[in-house]
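Open the structure in your viewer and keep the sequence panel beside it. Follow the stops below in order.

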Amino acid sequence: MGILMRVLNRVDGVLIATRVVIRRLLLMDFLDLGRIIVGLVLLVLGGEVLVRGASALARRAGVSSLVVGLTVVSAATSAPELSVSIGAVLRDEPGLAVGNVVGSNIVNVLLILGLSALVLPLAATQRLVRFDLPLMLSLSAALLLVCLDGVVSAVDGLILFGAVVAHTVLTVTIGRRRTQSKAPVMQLAEGSLGIGTSAQAQKLPVASSGKSILLVVFGVALLVTGATLLVEGAVNTATTLGVSSLVVGLTVVAIGTSLPELATSLIAVRRGERDLAIGNVVGSNIFNIGVVLGLPAMISLEGIPVSSAALAFDIPVMLAAAIALLPVAFTGFTVARWEGALFVALYLVYLGYLILAATAHDALEGFTAVMAWFVLPLITVTLIAFTAYEIGLRKGRQGSGTTPRPS
C-alpha cells in the first residue's frame, strides 16, 4: 500500500510539472514564436543567396570557391561578431569582445564544421592544410601569448589585424595565379575531348560582378537579420519557460552569432561547394582574431582586458580545437563524418562543462575527472592512431604511383 501511494505521489508530481510547462507554453508570446520561424527562414534564404553570389563571384574573378570562402564569405558571415565586439568597446564593455571571439571560434570548429561534415565529408586542399590551417593555429597561439599580461593592447590588435590583411592579399593573389596557370591546361583538355567552352558557358551562366556582389550583400543582410530575430525570439521564449539567463547566454546567444556561418556552411555543402564550407570556417576564425578582436583593440585606448577564467580555460580550448583540426584535415585531406560527430560531441562536452561550472553544480567534480582521465585521453589516442593509419595509407598510395590530391 505504501509503495502504491509513493507511485501515485510521483505521478501527481509529474502531472503538476507538466501542467506548469503547458501553462508557460500557452503564455509564450506568439510574436516570439514568429521571430523564431521568420529568423530560421531568413537564415536559410540568406545562406542560399550568399553561397550563390560567392560562387558566381569566384568564377567571375577567376579564383576558386575556397579563396572566396576564406575572404569574402568569412568576412561577411563574421559581421554579427564584429558588430557585437565594436559595440561592446563603444559601450565601455571591452571584455565582452574577447568572449565573443573565443566562443565563436570554438563554435565554428567544433559545432559548425562538425555538423557540416555530418551532412557530407568536407574536402581540404593541400593549400588549406599547408597555409591557412597553420595560420589559424598560429593566430590562436598568438592570441594566447598576447593575453598572458591580461590585456590585448592596441599594438597587439595592430599586429593581429596586419596578419589578416597580409593573409587576405596573399590568398587572392595566389588564388588568381593558380587559376590563370590552370586555365590553358583546362582549355587544352576541353579541346582534346571535343568540349566547347561556349557550350559550357551556356549551361553554366555566370552572373555579372555587380549582380554577384549584390547577391553577397543581400545574403549577408538576410543572415544578420535572421540571426537577430532568432536569438531575440529564443531568449524571450526560454525566459518565459523559466530557463535561467545564464544558460540562455551560454547556449542561444553564443551560438546565435555563429548562425550565419552555420547556415552558409550547411548550404554550401548541400550545393556541393565543400571547399567554400571549410574555407568559410577557417577564414572566419582568422578574421575573428585579426579583425573582430584586433580592430576593437585598436579603438580602445586602454586595450581589451582578458579575464583570468578565459585565459585559463576558454582560450586554451580554442587553441586545442584549432590543433585538433590540423591532423584531421591532414589525414586524407578530408573531414569525415565520424570526425564531424567527434567535433560535435566535444562541443557538447565543452558546453556541459561551462554550464556545470557556472552553476557550481555538484556533478562538476565527477564530470571533470571523467573528462580529464578517461574521455580526453581516449580521444587523443584515437586521433593519433587514425592519423598514423592515414599517413601509412598515403605513403602506400604514393609508392604505388597514385596521384595525390591537387592543391
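The tour starts with the whole chain, then moves through helix pairs and two single residues.

**Whole chain**

Keep in mind that this is a predicted model. Show the protein as a cartoon. You should find 15 helices and 4 strands. Now colour by burial. Of the 407 residues, 42% are buried. Switch to the surface. The accessible area is about 20,100 Å². Carbon and sulfur atoms hold 71% of that area. Then turn to the contacts between residues at least 6 apart in sequence. Of these, 86% link residues at least 24 apart.

**Stop 1: helix 9 and helix 11**

Select residues 209-240 for helix 9 and residues 259-270 for helix 11. Their axes lie 9 Å apart, and the packing angle is about 120°. Helix 9 is therefore oblique to helix 11. The crossing of this pair is right-handed. Show side chains next. On helix 9, pick Leu223, Ala227 and Leu230. On helix 11, pick Leu259, Pro260, Ala263 and Thr264. What kinds of residue make up the contact of helix 9 with helix 11? There are 6 nonpolar residues, 1 polar residue and no charged ones.

**Stop 2: helix 11 and helix 12**

Keep helix 11 selected and add helix 12, residues 274-299. Here the axes come within 7 Å and cross at roughly 160°. Angles over 145 degrees count as roughly antiparallel, so helix 11 is roughly antiparallel to helix 12. The crossing of helix 11 with helix 12 is left-handed.

Now light up the contact residues. Helix 11 offers Glu261, Thr264, Ser265, Ala268 and Val269. Helix 12 answers with Arg274, Leu276, Ala277, Asn280, Val281 and Ser284. This contact divides into 5 nonpolar, 4 polar and 2 charged residues. Thr264 is worth a second look. Thr264 takes part in the contact with helix 9, and Thr264 is also among the helix 11 residues that meet helix 12.

**Stop 3: helix 6 and helix 12**

Hold helix 12 and drop helix 11. Add helix 6, residues 126-146. The two axes come within 10 Å and cross at roughly 35°. The crossing of helix 6 with helix 12 is left-handed.

Show side chains again. From helix 6, select Leu128, Asp132, Leu133, Leu135, Met136, Leu139, Ser140 and Leu143. From helix 12, select Ile278, Val282, Asn285, Ile286, Ile289 and Leu293. How many residues of this contact are nonpolar, polar or charged? The count is 11 nonpolar, 2 polar and 1 charged.

**Stop 4: valine 89**

Go to helix 4, residues 79-90, and pick valine 89. Is valine 89 buried or exposed? The cut-off for buried is under 20% relative accessible area. Valine 89 has 14% relative accessibility, so valine 89 counts as buried. Draw a distance from its C-alpha atom to that of proline 296. The separation is 6.4 Å, although the two residues are 207 residues apart along the chain.

**Stop 5: isoleucine 304**

Finish at strand 3, residues 304-305, where isoleucine 304 sits. Its relative accessible area is 0%, so isoleucine 304 is buried. Draw one last distance, from the C-alpha atom of isoleucine 304 to that of glycine 157. The atoms are separated by 9.3 Å, and the residues are 147 apart along the chain.

Notes: Residues are numbered from 1 along each chain as its sequence is written. This is a predicted model: local features need pLDDT of at least 70, side-chain atom pairs count only at pLDDT 80 or more; totals for chains, interfaces and linings use all residues. Side-chain values use heavy atoms; hydrogens and water are left out. Helices (H or I, at least four residues) and strands (E, at least two) are DSSP runs, numbered from the N terminus. Buried means under 20% relative accessible area, exposed over 50%, partly exposed in between (1.4 Å probe, protein chains only). Contact means heavy atoms within 4.5 Å. Accessible areas come from the Shrake-Rupley method with a 1.4 Å probe; for residues, only the protein chains shown count as cover. Axes are lines fitted to C-alpha atoms, for helices over the stretch in contact, and angles run from 0 to 180 degrees between N-to-C directions. Angles under 35 degrees count as roughly parallel, over 145 as roughly antiparallel, 65 to 115 as roughly perpendicular and the rest as oblique. A crossing is left-handed if the near helix is turned anticlockwise from the far one by less than a right angle, and right-handed if clockwise. Ala, Val, Leu, Ile, Met, Phe, Trp, Tyr, Cys and Pro count as nonpolar, Asp, Glu, Lys and Arg as charged, and the others, Gly among them, as polar.
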